[in-house]
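These are my notebook entries, written while going through the model and looking up one topic after another.

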There are 2 protein chains.
Amino acid sequence: MHLIIDGYSCNPEILQDEDYLRNWLEAYPSRISMTRISPPYVLKYTGSKLEDWGISGFVFIAESHIAVHTFVERNYINIDVFSCEDFDTDKAIEDFQQGFNLCKSRTCLIDREWPLTEAAASSPLNFISHGK
Amino acid sequence: MHLIIDGYSCNPEILQDEDYLRNWLEAYPSRISMTRISPPYVLKYTGSKLEDWGISGFVFIAESHIAVHTFVERNYINIDVFSCEDFDTDKAIEDFQQGFNLCKSRTCLIDREWPLTEAAASSPLNFISHGK
């Protein structure tokens, strides 16, 4: 299950706080019964376009990964929670909305499990839902 | 643009080759005009379910990230190429299909750019395409 949450934060301070993101990525996996198998990797990005600077964070979990990218000047954030094990996606959406003070967000859920038959392996990826 | 490629490899050796994945993640971003901003992080995962072991790799790019997870016993691989800049997704699909010897794969493309209006920010994420 791959949960994508993209949104706008009402708290621009959070979007540039590397320690906050590092602590979040360290602690969060266990809150949705995932097993963290690496330290969190967090860095600040300042690129050629000044308005695109932000912080990025990533952590490996046994079931796949969690990744976060922020765009501070736009108050924008991209979040991926990807796990081959089922998890409580409603809880994860609520946790990230609260944890990053999202005033607007949109989400989608993609079933990326291995297909059990050859025919299914040729079928399109299954978008379970996409909502606000 | 977030490109997802999930598939089966005909070359199980590649799916367990940490050096191959590390080299791929180090070299690949520049092939699609992306800027790598971290070393590649690669690790082997052996979990509680024996059949789920594999390798995982991740690299930060200026525009977001590339992530790869393999499931060796199933010959299965999950690939994410996520960039806020446009890139040649057809080329990326072909490169990964060739580079990881995918005999079957399915892809999808998600537009994750920040919406330019408040109304758009409340609309669902835009799935541009999903194909075989």
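Which pattern does chain A follow when it is read along the sequence? I read it as β-α-β-β-β-β-α-β-α-β, and I noted three helices and seven strands in chain A.

**Entry on confidence.** I am working with a predicted model, so I looked up the confidence values before any detail. For the complex, the predictor gives an ipTM of 0.88 together with a pTM of 0.90. Chain A has a mean pLDDT of 88, with 86% of its residues at 70 or more.

**Entry on chain A as a whole.** I looked up burial and found that 44% of the 132 residues of chain A count as buried. I then turned to the contacts in chain A with a separation of 6 or more, and noted that residues 24 or more positions apart account for 53% of them.

**Entry on helix H1 of chain A.** Helix H1 of chain A covers residues 18-31, which makes 14 residues, and I find 20 Å from its first C-alpha to its last, close to the 20 Å expected at 1.5 Å a residue. Where does H1(A) bend? The bend, of about 30°, is at Leu25(A), and a proline, Pro29(A), follows within four residues. I listed the buried residues of this helix as Leu21(A), Trp24(A), Leu25(A), Tyr28(A) and Pro29(A), so that the residue at the bend and the proline that follows it both appear among the buried ones. I also looked up what covers these buried residues, and the cover includes strand E2 (41-45), strand E3 (54-61), strand E4 (64-71) and helix H2 (89-99) of chain A. After H1(A) comes Ser33(A), for which I noted a positive phi near 60°.

**Entry on helix H1 of chain B.** I repeated the lookup in chain B, where helix H1 (residues 18-31) has 14 residues and reaches 20 Å from first to last C-alpha, again close to the 20 Å expected at 1.5 Å a residue. H1(B) bends by about 30° at Leu25(B), with Pro29(B) following within four residues. Its buried residues are Leu21(B), Trp24(B), Leu25(B), Tyr28(B) and Pro29(B), and I find them packed against strands E2 (41-45), E3 (54-61) and E4 (64-71) and against helix H2 (89-99) of chain B. Ser33(B), just after H1(B), takes a positive phi of about 60°.

**Entry on strand E1 of chain B.** Why is strand E1 of chain B described as largely enclosed by the rest of the structure? I find that eight of the eight residues of this strand (residues 2-9) are buried, which is why it counts as largely enclosed. I then looked up its partners: E1(B) pairs in the antiparallel sense with strand E5 (residues 76-83) of chain B over seven bridges, and Tyr8(B) stands opposite Tyr76(B) in E5(B). Eight bridges join E1(B) to strand E6 (residues 102-111) of chain B, also running antiparallel, and there His2(B) stands opposite Ile110(B).

**Entry on the nonpolar core.** Which residues of the largest nonpolar core touch the most other members? Of its 70 residues, I noted Ile66(A), Phe96(A), Ile66(B) and Phe96(B). I followed Ile66(A) further, leaving out residues up to four places away in sequence, and found that it touches Leu25(A), Tyr28(A), Pro29(A), Val59(A), Ile61(A), Asp80(A) and Val81(A). Three of these, Leu25(A), Tyr28(A) and Pro29(A), I had already listed as buried residues of H1(A).

**Entry on Asn75.** I looked up Asn75(A), in the loop between E4 and strand E5 (76-83) of chain A, and noted a phi near 60°, positive in a residue other than glycine. Is Asn75(A) buried or exposed? It counts as buried, because 20 C-beta neighbours lie inside 10 Å and the cut-off for buried is 20 or more. In chain B, Asn75(B) sits in the loop between E4 and E5 and has a positive phi of about 55° although it is not a glycine; Asn75(B) is also buried, with 20 other C-beta atoms within 10 Å.

**Entry on Glu113 of chain A.** My last lookup was Glu113(A), in the loop between strand E6 (102-111) and helix H3 (118-121) of chain A. Glu113(A) counts as partly exposed because it has 16 C-beta neighbours inside 10 Å. I also noted 9.2 Å between the C-alpha atoms of Glu113(A) and Ser83(A), which are 30 residues apart along the chain.

How values were computed. Residues are numbered from 1 along each chain as its sequence is written. Chains are lettered from A and ligands numbered from 1 in the order in which they are written. This is a predicted model: local features need pLDDT of at least 70, side-chain atom pairs count only at pLDDT 80 or more; totals for chains, interfaces and linings use all residues. Helices (H or I, at least four residues) and strands (E, at least two) are DSSP runs, numbered from the N terminus. The expected span of a helix is 1.5 Å times one less than its number of residues. The bend at a residue is the angle between axes fitted to the seven residues ending there and the seven starting there. A residue is buried if 20 or more other C-beta atoms lie within 10 Å of its own, exposed if 12 or fewer, and partly exposed in between; C-beta atoms are placed from the backbone. Two residues are in contact if their C-beta atoms, placed from the backbone, lie within 7 Å. pLDDT is the predictor's confidence in each residue, from 0 to 100. Two strands pair if DSSP finds at least two bridges between them. A nonpolar core is a set of buried Ala, Val, Leu, Ile, Met, Phe, Trp, Tyr and Cys residues joined through C-beta atoms within 7 Å.
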